[in-house]
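User: I should like to learn how to read the features of a protein model. Please guide me through one example.

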Amino acid sequence: MRIVLLLLAVVVGLGLVVVVVGYLLPVKHVSTVSATIPAAPEQVWDALTDVAAYPKWRGDVTSVEMLPADSGHVAWRERGKNAAISYAIEQAEPPRRLLTRITDKSLPFGGAWEYVITPDGAGSRVQITEHGEVYNPVFRFVSRFIMGHTATASAYLKSLGARFGATVVPEAA
């Protein structure tokens, strides 16, 4: 019985540490990751902006539903293994800069991704800067210490590289 109570106290204590540390972390963060993609900037641009084709090359997206334009910009909802998330393109400067934003207000996180595409030899250097917000303190803890702020953008760049037949290794800035 004593061991059970001790284990319960440890679990509760760890939970409290996660919550307290989560509250101490800032809601907003900025993280940057980049990779060289073996495709011309125009080809990379086409892949990034053809959101309807995401399920063909992104393993984390099972379907895309196009939504009515958001302030005149392309809008869509991605469905994946865990949830559906709505996005909109906020700024587009083909083929070099794209800014997308999560438009769902009910999620425990939000923010924007800025893609910068620059020529790099025969390919392109793609940099993703995440301007993220994590509202839930437990998710803030997980995002910062367990997943890492660059995990999602790194996975995206790996999928983008595979889309063009390459294995890429994203680099955090």
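**Reading strands, helices and a core**

Analyst: Let us begin with a single pair of residues: Gly110 stands opposite Glu133 in E7. Please keep in mind that the model is predicted.

User: How many bridges join E6 to E7, and in which sense do the two strands run?

Analyst: Strands E6 and E7 run antiparallel and are joined by 12 bridges. The two strands form a hairpin, with two residues between them. In that turn, Gly121 has a positive phi of about 60°.

User: Which strand pairs with E6 over five bridges?

Analyst: That strand is E5, and its pairing with E6 is antiparallel. A hairpin of six residues links E5 to E6. Across this pairing, Leu99 stands opposite Glu114 in E6.

User: What general idea helps in reading the side chains of a strand?

Analyst: In a regular strand, side chains alternate between the two faces of the sheet.

User: Where do these strands belong in the order of elements along the chain?

Analyst: The chain holds five helices and eight strands. Read from the N terminus, the order is α-β-α-α-β-β-β-β-β-β-α-α-β. The C-alpha trace spans about 65 × 35 × 25 Å along its principal axes.

User: How should one approach the interior, and what share of the residues counts as buried?

Analyst: The general idea is that nonpolar side chains tend to be buried together in soluble globular proteins. Here, 38% of the 173 residues count as buried, that is, they have under 20% relative accessible area. The largest nonpolar core has 30 residues. Those with the most contacts inside this core are Ile37, Val44, Leu48, Ile128, Tyr156 and Leu160.

User: Which elements supply at least two residues of this core?

Analyst: Among them are the strands E1 (28–37), E4 (84–93), E6 (109–120) and E7 (123–134), as well as the helices H2 (41–49) and H5 (151–163).

User: Which residues does Ile128 touch, leaving aside those up to four places away in sequence?

Analyst: Ile128 touches Ser31, Thr32, Val33, Trp113, Glu114, Tyr115, Ala153, Tyr156 and Leu157. Glu114 has thus appeared twice, as it is also the residue opposite Leu99.

User: What share of contacts joins residues 24 or more positions apart?

Analyst: Of the contacts in the chain with a separation of 6 or more, such residues account for 51%.

User: Finally, what can be said of the surface and the charges?

Analyst: The accessible surface comes to about 9900 Å², and 61% of it belongs to carbon and sulfur atoms. The chain has 16 positive and 15 negative side chains, and the centres of these two sets lie 9 Å apart.

Technical notes:
Residues are numbered from 1 along each chain as its sequence is written. This is a predicted model: local features need pLDDT of at least 70, side-chain atom pairs count only at pLDDT 80 or more; totals for chains, interfaces and linings use all residues. Side-chain values use heavy atoms; hydrogens and water are left out. Helices (H or I, at least four residues) and strands (E, at least two) are DSSP runs, numbered from the N terminus. Buried means under 20% relative accessible area, exposed over 50%, partly exposed in between (1.4 Å probe, protein chains only). Contact means heavy atoms within 4.5 Å. Accessible areas come from the Shrake-Rupley method with a 1.4 Å probe; for residues, only the protein chains shown count as cover. Lys and Arg count as positive and Asp and Glu as negative; His and the chain ends are not counted. The place of a charge is taken as NZ of Lys, CZ of Arg, CG of Asp or CD of Glu. A nonpolar core is a set of buried Ala, Val, Leu, Ile, Met, Phe, Trp, Tyr and Cys residues joined through side-chain atoms within 4.5 Å. Two strands pair if DSSP finds at least two bridges between them.
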